[in-house]
Amino acid sequence: MRTPTIDQQIKEITQLCQPLGLSLEPGDTDPKSLVGSRRVMLRYYTVTLAFLLTTNLENNCFLSVILPMAFECPALMYAVSAWASSHLALRDEKFRADSLRHRRHALAQLQKSMEQSELSTEMCLAVTMVLCSMESISEATDAWYPHLKGAAAALAWQSEDSLAAVDPKQAVQTTFEGRWLLRNFAYHDIMMSVSMDCRPLIRGFYWASEDDTLADPYFGFASRIHYLISETSILNADFAEAELVSQTRGYAHKR
């Protein structure tokens, strides 16, 4: 049996990533219910968006992690639908109105879940990172940052009635899903520190794991390199602050 050529493999992946019968005209679904529309968005996520997000089809955690967790959590299900609809709206303007509706429902569901303390650290991390990715491709391009900060807060939060002070960053690493979500956050946090020229929200090599037999969709096999990038961002911020202090002192002496 002949091995498919690179061109054939690319063609197969490209065909796989095409929307399959996604027709959603105004009036196709009940305007008071997003059930029908959500099904379409989840199908788009499953057959298209999830494959565009990853660089590793063998370890596509956007399918193997996000979707199973979404079955357990309405907030995450709405967030995935909003993410898919936001991406679809970039490809076709007719999905814009539905995208805004899904986004509104996702944010409302997150607020409700947070108020009722329904989300575990792992689930909170999943929801906030999906919403962070969703907002990064929406019109308000700076709206992703509060979600990233929310994820960082979830990883630093300690329950008042907890008998043992357990670091959430260590606690989530007990599951495969938690380890990937932690790397997901770390990647976005590091990229934020580079793009905004500031310190990452959480310092350290906290996502280090022995589970590196498969290339990660974000880090690949370069997890250590990303840690060094985060350390470089910290050094840049330290030097910038030191220079500012030096300039301030120099200005004071001149006066």
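**Why these labels? A chat about a predicted model**

Tutor: Let's start with S86: skipping neighbours within four places in sequence, S86 is in contact with S99, M134, I137 and S138. The numbering starts at 1 along each chain as its sequence is written, and side-chain values use heavy atoms, with hydrogens and water left out. Keep in mind that this is a predicted model, where local features need pLDDT of at least 70, side-chain atom pairs count only at pLDDT 80 or more, and totals for chains, interfaces and linings use all residues.

Student: What makes something a contact here?

Tutor: Heavy atoms within 4.5 Å, that's the whole test. S86 passes it with S99 and M134, among others.

Student: And why is S86 called buried?

Tutor: Buried means under 20% relative accessible area, exposed means over 50%, and partly exposed is in between (1.4 Å probe, protein chains only). S86 has 5% relative accessibility, so it counts as buried. As for its place, S86 lies in helix 5.

Student: What makes a stretch count as a helix?

Tutor: Helices are DSSP runs of H or I with at least four residues, strands are runs of E with at least two, and the numbering goes from the N terminus. By that rule the chain has 11 helices and 0 strands.

Student: Which other residues of helix 5 (residues 74–91) can we look at?

Tutor: S85 sits in helix 5, and A82 does too. S85 has 0% relative accessibility, so it counts as buried. A82 is at 0% as well, so A82 is also buried.

Student: What do S85 and A82 touch, beyond four places in sequence?

Tutor: S85 is in contact with M41, D98, S99 and H102. For A82 the list is H102, R103, A106 and M134.

Student: How far apart are A82 and D98 in space and in sequence?

Tutor: C-alpha to C-alpha they are 8.8 Å apart, with their positions 16 residues apart in sequence.

Student: M41 came up there. How do you know where helix 2 bends?

Tutor: You fit one axis to the seven residues ending at a residue and another to the seven starting there, and the angle between them is the bend. In helix 2 (residues 35–53), that angle is about 45° at Y45. Buried residues of helix 2 include R38, M41 and Y45.

Student: What makes R38 count as lying over the ring of Y78?

Tutor: For a charge over a ring, NZ of Lys or CZ of Arg must be within 6 Å of the ring centre and within 35 degrees of the ring normal. R38 lies over the face of Y78 at 4.8 Å from the ring centre, so the distance cut-off of 6 Å is met.

Student: How many aromatic pairs are there, and what makes a pair?

Tutor: Rings of Phe, Tyr and Trp (its six-membered ring) pair if their centres lie within 6.5 Å; planes under 30 degrees apart count as stacked, over 60 as edge-to-face and the rest as tilted. That rule gives 8 aromatic pairs. One of them joins F62 and W180, with 5.2 Å between centres and 85° between planes, which makes it edge-to-face. F62 is in helix 3 (residues 61–64) and W180 in helix 10 (residues 176–195), so this pair ties together parts 118 residues apart in sequence. Both F62 and W180 are buried.

Student: Why is the F205 and W207 pair given its label?

Tutor: At 5.0 Å centre to centre and 75° between planes, F205 and W207 are edge-to-face. F205 has 27% relative accessibility, so it counts as partly exposed, while W207 is buried with a relative accessible area of 2%. Both belong to one aromatic cluster with F185, Y206 and Y227.

Student: Back to W180: which residue in the loop between helix 10 and helix 11 (223–254) touches it?

Tutor: D216 lies in that loop, and beyond four places in sequence it touches T55, N59, W180 and R183. Its relative accessible area is 4%, so D216 is buried.

Student: How do you know where the confidence is lowest?

Tutor: From pLDDT, the predictor's confidence in each residue, from 0 to 100. Helix 1 (residues 6–16) has the lowest mean, 45, and helix 4 (residues 66–72) the highest, 94. Across the chain the mean is 81, and 78% of residues reach 70 or more. Over residues 9–20 the value stays under 50.
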